[in-house]
Every structure is written in C-alpha cells, then in structure tokens.
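Subject: Structure handover and notes

Hello,

Here is the structure you are taking over, followed by notes on what was found in it. Please read the notes with the model open.

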Amino acid sequence: MTTLMFILGIVVFVVGLLVSIAWHELGHLSTAKLFGIRVPQYMVGFGPTIWSRTKGETEYGIKGVPLGGYIRMIGMFPPDDQGRVSARSTSPWRGMIEDARSAAFEEIKPGDETRMFYTRKPWKRVIVMFAGPFMNLVLAIGLFLTVLMGFGIPQQTTTVASVSPCTIKQSEHRDTCKKSDPVSPAAKAGMKNGDKIVSFDGVPTKDWNTLSDLIRDSAGKNVAIVVDRKGQELTLHTKITENWVAKKDSSGNYVKGYVPAGFLGFSAATGVVKQDFGGSVTWMTDRVGDAVDSLAALPAKIPALWDAAFGNAPRQPDSPIGIVGAARITGEIATLDIPASQQLANFVMLLAGFNLSLFLFNMLPLLPLDGGHIAGALWESLRRNVARVLRRPDPGPFDVAKLMPVAYVVAGIFVCFTILVLIADVVNPVKIS
C-alpha cells in the first residue's frame, strides 16, 4: 500500500507539472495570436510526439519527456543587414547566430511577412514573452491562496503544549533542569498544558507571533495572563524574566543567533491554522523574498550539492532540487500518516512553489529564457526612442540572434546544473520525513 501511494504521489506531481507547463505556454500562445503572430506549433514536453492535433494554423501536442514545453513563433529573429537568413559562416560563433536566424525563417509562408514576431512593436513582444512566466505567477498565487485560506498551514498557536519547570538559556541546548535554575514564570503562574492564552497584559492574542512579541517585550514586568482552560477563563499573574532566546527576523521567523528578551517558559502547540487574506498576502510576500534570496544564493550552493552527489556530505535541507527530487517528495507526502486534506495541501503548496520558481527563473534577463527576449525588446525600444529624440535614423530591430553565443553558454551551464541536481536527487535525495 505504501509503495502504491508513493507511485500515486509521483503521478499526481507529473500531472501537475504538465498542467503548469501547458499553462505557461498558453500565456505565450494567447498573446501571440492576439497580436497576429503566426504560431505553427504548441507543444507540452520535449522529444518524440505522443499525441498531436492541428487546429487552424497551429499544431497542438504532447511529447514524451515532460521537462518543459514551447510554442514556435515565426520570425523570432530579424534578417541580417543584407536581408539574408540562410548564409552560413565558417566562424562557430557567427554560425550560431546564422543557424538561429535560419531556423526563425524556415516556416515562413507567403503572406507571413507581416505576421513575424520581430515585426511587432517592442511593447507587444514584451507582453508575449512576459505572458508565460506571468501565468505561472498567477497559478502560484491561486494555489497559495487555496492552501492558506482553504486548508490552513501548520504553525505555532497560542495553546500551551508543555510548561518548562525552570528557566534555561536556549543557547545551552539542554532540556533538564539544574538545582540552580530558577523556576520559570509560566510554572510560577500555574500555567498548564492545554491552556489557550486569550490575552497577555490586557492585549488580545489571536496568533503566536503577537503573543511571542508581547512576551519578548515584557522583560521585568508583572503581567496578567488570561487563559481558556477547558472552557473556563482564568487570570494568571507572573513576572516575565529576561533570558537568552532564539533570534527572530522582522517576519517573525527564527534565525541564527540568540538575543536577551522576555521569557515566559512554555512551548506552543502546533496546529493547522487558516489565514485571512491579509495574512496570506504577507505570507506570500515573505515567500517571494525567500525565493529571490534562494535564486541569488544558488551558485554558492553548488559546492555543497557536488559534495552531496559525489562525496559523503549530507544533503542540506535547503539544497536545490529538480523535477526528480520534487516528484520523490510528492511520493513521500502521499505516504505520510497525516489527514488526506493535509496531504493534498502539501502537494498543492509544493506545486505553487514550483510555479513561483518558474516565474522567477524565466524572468532572468538571459537568453534563451523569456527574460532575455524581454530585455532585447526593451533595449530596442530604448535605442529607437533615443534616436527619435536625437533626430537620428531609426536603428531598426535589435538583432537578438547576435546574443545566441551567450544563450548557448547559459543553456550549457543550465544543462550541467540540471544533471548535477538530478544525480544528487537520485543518490542523496532531500527527504521530508
């Protein structure tokens, strides 16, 4: 049964992956057709074609390797200065440019002269190329909101899980009390497991972050704490002591280090809590910031990833994972001994994070990514506007094909990184259990 659930989890992830890819390419397709660009092909996946059907002027299909997708627009690159599109240079770098230009014109038919991608105004090309990543962003937001407001997420609550009998510096990393350790304020107050803290020093406490901040800011104060104990409200009194506790950032997340702050002395119970819209927006904003930081830190994580793949180093929890690793995690989620609703919530959250990563990665201003074409269109617009202001001749379309050597280098680096992540995901995977 466990193996069956593991396989089912992987299948569900693959389906979600294909939907995300198709959704991304639909953004490109719909806006390209909106602006009159001819699109001969819309494909989900790479490799051999499993199924396809031609409708109108576009072939729609699914290919055998679900590692991406594409639409093919005619005239992605302009002709060279002499209007040629098929000349081949002996220079390997120049040859890359000419090969890309020839491929862009290979399907041109009579009447397509005004339907090529490069003939559209820069702002239209920006919309076409941005529409794909934007669809991933929209899907990510929708999935995040579904989990946050519909299912809820595990987080600390204002309910007491356990009361510490004494005050111990968190930096000491010990659980047993010594005779010299003072009694904790929570124990002095008579707090018990299962108490739900309703208010702290007269301030209502509906969430853990509010309560935590109030406690930390109350070192040395005598406070009244109202708790709900089995349906009855009781008022407890105690003096908050100062202790060395884990450091928190501005978002309320624990970070490395310790700081002196107010200390009550209890562990908060964890529960699944639904978020309101405002809290969901704040949570998503924090996750976008985390994703941007992770993307920027990606090169620095390569040595540790290499050691995990080819050495004896452990795989770090924040290590980059690929499609194989994500599929494996989805399989593990399906085997967890948790309610089916939380299994589904975890899967949806993983798929949302995947779509957010697709958006951010594709927005990098590098060819062959969508962001590279966006950067080329914006540069063309800038050149033409400057020429217009200075009353100089129109410089014409910016030849993005000239950047193809850079695109090949970027693609090569990405392929090497993908292979490294794949090996690490197979031999030393990230595990959630």
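A residue is called buried under 20% relative accessible area, exposed over 50%, and partly exposed in between. By that cut-off Arg384, at 23% relative accessibility, counts as partly exposed. Please keep in mind throughout that this is a predicted model.

Salt bridges

The structure holds 8 salt bridges. Side chains of opposite charge can pair when their charged atoms come close. Three of the pairs are described here.

Arg384 is a good place to start. Its side chain meets that of Glu380 in a salt bridge, at 3.2 Å from N to O. Both residues belong to helix H10, where they sit 4 residues apart, about one turn of the helix. Glu380 is buried, because its relative accessible area is 1%, whereas Arg384 is partly exposed at 23%. The pair also belongs to a network of salt bridges that links Arg125, Glu380, Arg384 and Asp394.

Asp425 forms a salt bridge with Arg315, and the closest N and O atoms are 3.0 Å apart. This pair links distant parts of the chain: Asp425 is in helix H11, while Arg315 is in the loop between helix H7 (298–310) and helix H8 (323–335), 110 residues away. Are the two partners buried or exposed? Asp425 counts as buried because its relative accessibility is 1%, and Arg315 counts as buried at 10%.

A further salt bridge joins Asp195 and Arg229, with 2.8 Å between the closest N and O atoms. Asp195 lies in the loop between H4 and strand S4 (196–200) and Arg229 lies in strand S6 (residues 222–229), so the salt bridge ties together parts that are 34 residues apart in sequence. Asp195 and Arg229 are both buried.

The annotated PDZ region and its strands

UniProt lists residues 149–231 as "domain: PDZ", in an unreviewed entry. Over residues 149–231 the chain is 20% helix and 31% strand. The C-alpha atoms at the two ends of that range are 26 Å apart.

Which strands does S4 pair with? S4 pairs with S6 in the antiparallel sense over 4 bridges. S4 also pairs with strand S5 (residues 203–204), again in the antiparallel sense, over 2 bridges. Ser199 takes part in both pairings: its bridge partner in S6 is Val226, and in S5 it stands opposite Pro204. S4 and S5 form a hairpin with 2 residues between them. In the turn of that hairpin, Asp201 has a positive phi of about 55°.

Cysteines

How many disulfides does a search of the whole structure find? The search finds 1. The disulfide joins Cys166 to Cys177, with an S to S distance of 1.9 Å. The link of Cys166 and Cys177 is left-handed, with -90° about the S-S bond. Both cysteines are in the loop between strand S3 (153–163) and helix H4 (185–189), 11 residues apart. Cys166 is buried, because its relative accessible area is 3%, whereas Cys177 is partly exposed at 35%. Another cysteine to note is Cys416, which counts as exposed because its relative accessibility is 54%.

Nonpolar surface patch

Trp379, Leu382, Val386, Val389 and Leu390 form a nonpolar patch on the surface. Together these residues have about 490 Å² of accessible area. Leu390 is found in the loop between helix H10 (370–389) and helix H11 (404–427). With a relative accessible area of 47%, Leu390 is partly exposed, because that value falls short of the over 50% needed for exposed.

One residue in H11

Met404 is found in helix H11. Is Met404 buried or exposed? Met404 is buried, because its relative accessible area is 13%. The C-alpha atoms of Met404 and Val183 are separated by 69 Å, and the two residues are 221 residues apart along the chain.

Regards

Terms used:
Residues are numbered from 1 along each chain as its sequence is written. This is a predicted model: local features need pLDDT of at least 70, side-chain atom pairs count only at pLDDT 80 or more; totals for chains, interfaces and linings use all residues. Side-chain values use heavy atoms; hydrogens and water are left out. Patches are made of residues with over 30% relative accessible area and no salt bridge: like charges are joined within 9 Å, nonpolar side chains (Val, Leu, Ile, Met, Phe, Trp, Tyr) within 5 Å. Accessible areas come from the Shrake-Rupley method with a 1.4 Å probe; for residues, only the protein chains shown count as cover. A salt bridge is a side-chain nitrogen of Lys or Arg within 4 Å of a carboxyl oxygen of Asp or Glu. Buried means under 20% relative accessible area, exposed over 50%, partly exposed in between (1.4 Å probe, protein chains only). UniProt positions are given in the numbering used here, feature names are shortened, and annotations may be inferred rather than shown by experiment. A disulfide is a pair of cysteine sulfur atoms within 2.5 Å. Two strands pair if DSSP finds at least two bridges between them.
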